[in-house]
Amino acid sequence: RGASITQGRADFPTGFVWGAATASYQIEGAVKEDGRQPSIWDTFSGTPGKVAGGDTGDVACEHYFHYADDVRLMSDLGLHAYRFSVAWPRVQPDGTGPVNPRGLDFYSRLVDKLLEAGITPYATLYHWDLPQSLEDAGGWPERDTAHRFADYARAVHERLGDRVRHWTTLNEPWVSAFLGYGNGVHAPGRKDPAAALRAAHHLLLGHGLATQALRAGGAEEITLVLNLAPVITPAQVGDPAAGPSPADAEAVNRIDTLLTRQFLDPALRGRYPAELLEIVERNGGLAHIRDGDLTTINQPIETIGINYYNPCVVESGPGEAADAAWPGSEDVRFCAVDAPVTAMGWPIVPNGLSRLLVRLADDYPEVGLIVTENGAAFDDVVEDGRVHDTGRTGYLDGHLRAVHAAIAAGADVRGYLVWSLLDNFEWAEGYRRRFGIVHVDFATQRRLLKDSALWYREVIKRNGLRGN
Ligand code: PNW
């Protein structure tokens with residue numbers, strides 16, 4: 001299926017942005033430093049049985065202390081851009097009220113170091129670390145959280161907006177809502193489909209309100225980052241030209257509505273798909289969607305950020321167990337895929353990324369696209385000071401060829417950010433899943449460039465892939 005089959009040379013457009021991404025709770029550690037208070041992820045990871053191995057983000061990569069060395073690594077790799085997230089509980093430890101200047105100081109120092117190194121900062125305001133006090137007040141299922149988020153966004157922009165031009169409001173609101181409040185696999189671990197649907201709406205409202213605040217402050221590029229995937233049937237995995245059978249088309253459409261259109265239609269068109277509203281009506285009702293909300297949510301933005309790992313493969317038929325992450329999808333079956341997998345068990349299907357990018361370019365031509373995450377976990381081993389992570393290099397090579405194909409087909413893809421710069425705290429999987437192109441020895445905090453990082457440096461240098 002091509003993950004490791006190198007083909008012809010692939011040159012990327014001039015000005016294409018090459019970079020890497022991380023997120024605050026996954027790398028920073030220093031959870032009690034400079035006035036930070038707990039987030040929902042501190043509480044969740046501190047609860048036995050929630051995270052593999054009982055791992056927490058207490059120490060992680062200690063990036064809070066090693067950020068200057070980490071920027072040197074980025075510089076050594078030749079990155080153009082670095083996508084990081086700001087920890088709300090550092091900036092407003094209780095989620096509301098006066099800002100904590102020492103928390104903002106950290107990001108200010110980081111941004112200065114990046115700019116000194118000629119690396120463009122891409123700041124994400126929310127990558128899942130909600131202040132615990134806001135969860136205690138009801139969390140994202142409560143409307144007030146959206147307003148608290150906009151206040152926080154304004155405060156961060158006031159401090160960093162003179163130097164940061166690229167802003168993302170939310171990372172993957174689907175995951176926040178449906179894994180956090182739906183199936184409970186992520187913090188805060190609630191299992192209530194109606195609460196998850198309310199959370200999704202309030203996340204979108206928070207996106208709209210924060211976008212207004214960022215725009216008023218003069219932000220140049222505003223991005224909404226989503227976890228996206230082409231939703232396809234098993235037959236389409238190997239044969240992109242195949243269409244779903246009429247029986248499966250309904251299942252495909254349902255999952256695409258929940259994953260993609262639930263977010264992009266309100267954000268870019270100011271309306272919810274009718275089918276989504278039916279699901280909400282049957283799961284708690286529509287009362288939380290108020291007049292004017294869709295106008296607030298529908299703010300002009302420059303780009304959609306795409307986090308892609310694998311396709312979503314479904315067919316019609318009773319699901320083995322109704323999955324609380326997909327309300328209203330009791331008649332959908334999620335299918336195993338006949339393809340090699342990563343250490344996460346996620347199938348490697350690079351053509352899914354071209355398919356996704358071309359579809360987004362067709363359906364939402366008014367925005368630019370940027371791949372804000374793509375990468376893979378493998379069971380890396382250090383041998384004589386090297387990590388020969390050929391699986392990861394093959395994954396990245398295959399997916400970059402898919403991005404190139406989408407650009408050739410006319411999609412306006414402006415950049416590509418590898419997930420992740422560093423091995424880090426992989427949420428419910430803890431530290432056992434390594435996504436970095438840089439290896440981290442968590443006992444010593446030593447960083448080591450994996451072979452994939454050395455390969456990526458060459459890709460950036462030549463602005464493309466060589467053929468064989
Ligand atoms: C994304 N799912 O998470 C996140 O943005 C990253 O923080 C994370 O480390 C990366 O992908 C790798 O997992 C996801 O189960 C986690 O559908 C889980 C899912 C999707 C995205």
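What covers the buried residues of α8? In this predicted model, the cover includes strands β4 (120-126), β5 (166-171) and β6 (221-227), together with helices α6 (132-136), α9 (193-216) and α11. Helix α8 itself spans residues 173-182, and 10 of its 10 residues are buried, so the helix is largely enclosed by the rest of the structure. The buried set begins with Pro-173, Trp-174, Val-175, Ser-176 and Ala-177 and continues with Phe-178, Leu-179, Gly-180, Tyr-181 and Gly-182. Following α8 comes Gly-184, which has a positive phi near 75°.

Helix α8 also takes part in enclosing empty space. The structure holds 5 cavities of 30 Å³ or more, and the largest cavity contains about 60 Å³ of space. Two or more residues of the lining of the largest cavity come from each of α2 (40-45) and α8, with α8 giving the most, 3 residues. Val-175, Ser-176 and Gly-180 are among the lining residues, as are Ile-40, Trp-41, Tyr-126, Trp-128, Trp-140, His-186 and Ala-187. By class, this lining has 7 nonpolar residues, 3 polar residues and no charged ones.

The second largest cavity has a volume of about 50 Å³. Strands β4, β5, β6 and β11 (368-373) each give two or more residues to the lining of the second largest cavity, and the largest share, 3 residues, comes from β5. The lining consists of Arg-83, Tyr-122, Thr-124, His-166, Trp-167, Thr-168, Glu-221, Thr-223, Ile-370 and Thr-372. Its classes are 3 nonpolar, 5 polar and 2 charged.

Tyr-122, one of the residues lining the second largest cavity, also offers a way to place Val-164. Val-164 lies in the loop between α7 (144-160) and β5. The C-alpha atoms of Val-164 and Tyr-122 are 7.1 Å apart in space, although the two residues are 42 apart in sequence. Val-164 has a relative accessible area of 0% and therefore counts as buried. Beyond its neighbours within four places in sequence, Val-164 is in contact with Val-111, Pro-121 and Ala-123.

Turning to the open space, the largest pocket holds about 1,200 Å³. Its lining comprises 46 residues, and those nearest the pocket centre are Trp-174, Leu-179, Asn-310, Trp-326 and Trp-346. Helix α8 and strands β9 and β10 each supply at least two residues of this lining. The lining divides into 29 nonpolar, 10 polar and 7 charged residues.

Strands β9 and β10 bring the description to an open sheet of 3 strands, with the order β7-β9-β10 and mixed pairing. Its edge strands, β7 (231-232) and β10 (332-334), each pair on one side only. Strand β9 (residues 312-316) pairs with β7 in the parallel sense over 2 bridges, and Val-313 in β9 is the bridge partner of Ile-232. The pairing of β9 with β10 is antiparallel, over 3 bridges, and Ser-316 has Val-332 in β10 as its bridge partner. Helix α11 (residues 246-269) lies across β7, β9 and β10 and runs at about 135° to β9. Helix α11 thus returns the account to α8, as one of the elements that cover its buried residues.

Conventions:
Residues numbered from 1 in each chain as written. Predicted model: local features only at pLDDT ≥ 70, side-chain atom pairs only at ≥ 80, totals over all residues. Heavy atoms only, no water. Pairing = 2+ DSSP bridges. Helix = DSSP H or I, 4+ residues; strand = E, 2+ residues; numbered from the N terminus. Contact = heavy atoms within 4.5 Å. Axes fitted to C-alpha atoms, helices over the stretch in contact; angles between N-to-C directions. Buried < 20%, exposed > 50% of the residue type's maximum accessible area, 1.4 Å probe, protein only. 1 Å grid on protein atoms, 1.4 Å probe; cavity = no way out; pocket = protein on both sides within 12 Å on 5 of 7 lines; lining within 4 Å. Points joined across faces, edges and corners; volume = space filled by probe spheres on them. Nonpolar A, V, L, I, M, F, W, Y, C, P; charged D, E, K, R; others polar.
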